[in-house]
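Please find below a short set of numbered remarks on the model. They take up the pockets, then the cysteines, then the chain as a whole.

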Amino acid sequence: MLLTVNNLKKYYPIRSGFFSSSKEVVYAVDGVSFALEKGETLGLVGESGCGKSTTGKAILRIIEPTAGEILLDGKDIGKSGRRELRDSRRNMQIIYQDPFGSLNPKMTIGRIIGEPLRNYDVASGEELQERVAQLLTRVGLKPEHASRYPKEFSGGQRQRIGIARALALNPKLIVGDEPVSALDLSIQAQILNLLKDLQDEFRLSYLIISHDLSVVRHMSNRIAVMYVGKILELAPGEELLENPQHPYSKALLSAIPIANPNIERKRFLLEGDVPNPVNPPSGCRFHPRCSRFQKVREPKCRSEFPELKEIHPGHWLSCHFA
């Protein structure tokens, strides 16, 4: 197993003033667990604000997790010191949502892509230039682009530059934080196909974070559905898309538009708004919007958060009605 995440939590204290003691907390990620094999893609989906991006950044320790265990190749990077973490970061990289904001506008493309190689003393001089040229070619750009600046490229080209930078150190794990949401639809398909080709070539593992289920469907071997800091369902991609078990998963999938106007899909409409992560509902986070709870009024839904259980091989569900 390449990556194992156990009970990951990230809380943000809210302070009303500089000298005030913190009383309220934002429960951004609240006990997330999953595993990722070598060469596998896990899609993490959910509404905006559910904690998807925070989960990805906490795994990479771009932000420090509040609690939990993060194992990369069996090594607990959640407890690693600065030097140990630096060594581990060679094996994990990120592709950001904004292909322009993630690139330094004052640096040439060659310097941007070559920076990881210089920082880790992997290459220098002509060897570094040759490596940069190889990376540019591999992502569909030209070696002569190395002397240009980010502002001279389109959004899709800038995302290819970000991918080349992520590949520079030959990582094992890449976190894609909404990697195509800022791109036109035609460019999205090109970038997703490039990511799949690179995965096959280098046996990469991906954690793809997205609110777009069509993107996750195209990329993922397994899909995890997240809601207010918790994972509610985790299953093989096609199984979850064809046979979702959680009411929230059904609602998300029913919202996907169908290109054929002659096909009707049964809609599962949710009532109410997404809860405030500062004061999430007791028990199951989803129960105030759950149609099953509205019919049965199961007391446990209000008092106990349902454990994520394997209802059949590979399909995990967090629901008292499982």
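1. The largest pocket holds about 440 Å³ of space. The model is a predicted one, and the remarks that follow should be read with that in mind.

2. Lining the largest pocket are 16 residues. Those nearest its centre are Arg 89, Met 92, Gln 93, Ile 94 and Tyr 96. Sorted by class, the lining of the largest pocket comprises nine nonpolar, three polar and four charged residues.

3. Which elements each supply at least two residues of the lining of the largest pocket? They are strand S6 (92–95), helix H3 (109–119) and helix H5 (155–167).

4. The second largest pocket contains about 250 Å³ of space. Its lining has 14 residues, and Leu 269, Leu 270, Arg 289, Cys 290 and Ser 291 lie nearest the centre of this pocket. Helix H9 (247–254) and helix H10 (291–296) each contribute at least two residues to the lining of the second largest pocket. By class, that lining is made up of seven nonpolar, two polar and five charged residues.

5. On the cysteines, the count of disulfides is zero. Cys 50 takes part in no disulfide, and the nearest cysteine sulfur, in Cys 284, is 14 Å away. Cys 50 is also buried, at a relative accessible area of 3%.

6. Why is Cys 319 not bonded to Cys 290? The sulfur of Cys 290 is the closest cysteine sulfur to that of Cys 319, but the two are 6.0 Å apart, which is too far for a bond; the cut-off for a disulfide is within 2.5 Å. Cys 319 counts as buried, with 12% relative accessibility. Cys 290 appears again here, having been listed among the residues nearest the centre of the second largest pocket.

7. As for the whole chain, the protein chain has 11 helices and 12 strands. The radius of gyration of the protein chain is 21 Å, close to the 20 Å given by the globule rule for 322 residues, so the chain is as compact as a globular protein of that length. Taken along the principal axes, the C-alpha atoms fill a box of roughly 70 × 60 × 40 Å.

8. Of the 322 residues in the protein chain, 47% are buried. Among contacts between residues at least 6 apart in sequence, 65% join residues at least 24 apart.

How values were computed: Residues numbered from 1 in each chain as written. Predicted model: local features only at pLDDT ≥ 70, side-chain atom pairs only at ≥ 80, totals over all residues. Heavy atoms only, no water. Buried < 20%, exposed > 50% of the residue type's maximum accessible area, 1.4 Å probe, protein only. 1 Å grid on protein atoms, 1.4 Å probe; cavity = no way out; pocket = protein on both sides within 12 Å on 5 of 7 lines; lining within 4 Å. Points joined across faces, edges and corners; volume = space filled by probe spheres on them. Helix = DSSP H or I, 4+ residues; strand = E, 2+ residues; numbered from the N terminus. Nonpolar A, V, L, I, M, F, W, Y, C, P; charged D, E, K, R; others polar. Rg over C-alpha atoms; globule rule 2.2 N^0.38 Å. Contact = heavy atoms within 4.5 Å.
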